Amino acid sequence: MTAVESRPTGGGTARAEGTAGELESEGVANSGRRPIRPLVMGFVALTKPRIIELLLITTVPVMFLAEQGVPNLWLVLATCFGGYLSAGGANALNMWYDRDIDALMERTRNRPLVTGLISPTEGLVFGVALAVISTVWFGLLINWLSAALSLGALLFYVVVYTMILKRRTAQNIVWGGIAGCLPVLIGWSSVTNSMSWAAVILFMVIFFWTPPHYWPLSMKVKDDYARAQVPMLPVIASNKVVAKQIVLYSWVMVGISLLLQPLGYTGWFYTAVALATGGFWLWEAHALQARAKAGVTGAKLKEMRLFHWSITYVSLLFVAVAVDPFLR
């Protein structure tokens, strides 16, 4: 019995199980003659480096805000490296668990655990090793509060989101997104070894940013999710309903982003950037809703415009978080 076959039910299909089982055997069979460079690149791919870039964008600027200036460079590098290890471990374990449905989806079928480049056992050991190393790294070199937050983010992403929510509810990305919010708290705690309302506010910004950031992409690839029986909101609801939810979350997100200035944590520069970028976000969100209401589908829906802008938005907003202390 393969690991996939012994997994609790909740959305996987017999076809997925068969594919994963074949790949598992193939990966083991080829384990003795794999070229080193592709193998190394496969392990790097398990960490999802592009996603980790976003996590670091929300971590480092918060360290500047917590320091109210330039934080210790070694501390920044140590936090980033520990964060990469932790998030990489979470992503590797996510791909280990989801290899059956990844085999069914167009955008994930070339992942190393699906192609057989890396065996399931190797992926599991790699993910667990990164989880242990990153926790010890944070605890010994930074502080144990940051270590606990890092481990909590990893466990939340792997257990709560990947194993429990993803295959069972359309609220998966809403509550599962909490894992992606914790780097904000880690950035603050790495500098202060404490928490602050400023960190909580930015945590909430990312919490409400995550669904309207991810739902447009889900709208684009909803056939993939439907084939894998993953109930992302665009799979079970109309574009009109999804767009309405995007607008609601967007307004809350922008409103929360403006709380830092009246509470005394930031000055005019951050507020100006938050207003400008948030205003453009709301423009795009309402434009998407208008197209959805009009029954526009296919390429003309232009849902990816908001997805791409969401990455630019969070980058600019958090750069403003880092720059603002120097302009007060």
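A disulfide is a pair of cysteine sulfur atoms within 2.5 Å. Keep that cut-off at hand for the first stop in this predicted model.

**Stop 1: the cysteines.** Select C80 and show its sulfur. The closest cysteine sulfur is in C181, 18 Å away, which is too far for a bond. Now select C181 and look back: its closest cysteine sulfur is the one in C80, again at 18 Å and too far for a bond. How many disulfides does the structure hold? The count is 0. While both residues are selected, check their cover. C80 counts as buried, with 16% relative accessibility, and C181 counts as buried at 0%.

**Stop 2: around V60.** Keep C80 shown and add V60, which is found in helix 3, residues 49–67. Which residues does V60 touch, leaving aside its neighbours within four places in sequence? The contacts are V76 and C80. Select V76 next and draw a line between the two C-alpha atoms: V60 and V76 are 6.8 Å apart in space, although 16 residues separate them in sequence.

**Stop 3: the surface patch.** Turn on the surface and select W74, L124, V128, V132, V136, L140, L141 and W144. These residues form a nonpolar patch with about 760 Å² of accessible area together. Colour helix 7, residues 120–141, and the largest share of the patch, 6 residues, is marked. W74 sits elsewhere in the chain, in helix 4, residues 73–97. Is W74 buried or exposed? Its relative accessible area is 47%, so W74 is partly exposed. A patch residue needs over 30% relative accessible area, and W74, at 47%, has that.

Conventions. Residues are numbered from 1 along each chain as its sequence is written. This is a predicted model: local features need pLDDT of at least 70, side-chain atom pairs count only at pLDDT 80 or more; totals for chains, interfaces and linings use all residues. Side-chain values use heavy atoms; hydrogens and water are left out. Patches are made of residues with over 30% relative accessible area and no salt bridge: like charges are joined within 9 Å, nonpolar side chains (Val, Leu, Ile, Met, Phe, Trp, Tyr) within 5 Å. Accessible areas come from the Shrake-Rupley method with a 1.4 Å probe; for residues, only the protein chains shown count as cover. A salt bridge is a side-chain nitrogen of Lys or Arg within 4 Å of a carboxyl oxygen of Asp or Glu. Helices (H or I, at least four residues) and strands (E, at least two) are DSSP runs, numbered from the N terminus. Buried means under 20% relative accessible area, exposed over 50%, partly exposed in between (1.4 Å probe, protein chains only). Contact means heavy atoms within 4.5 Å.
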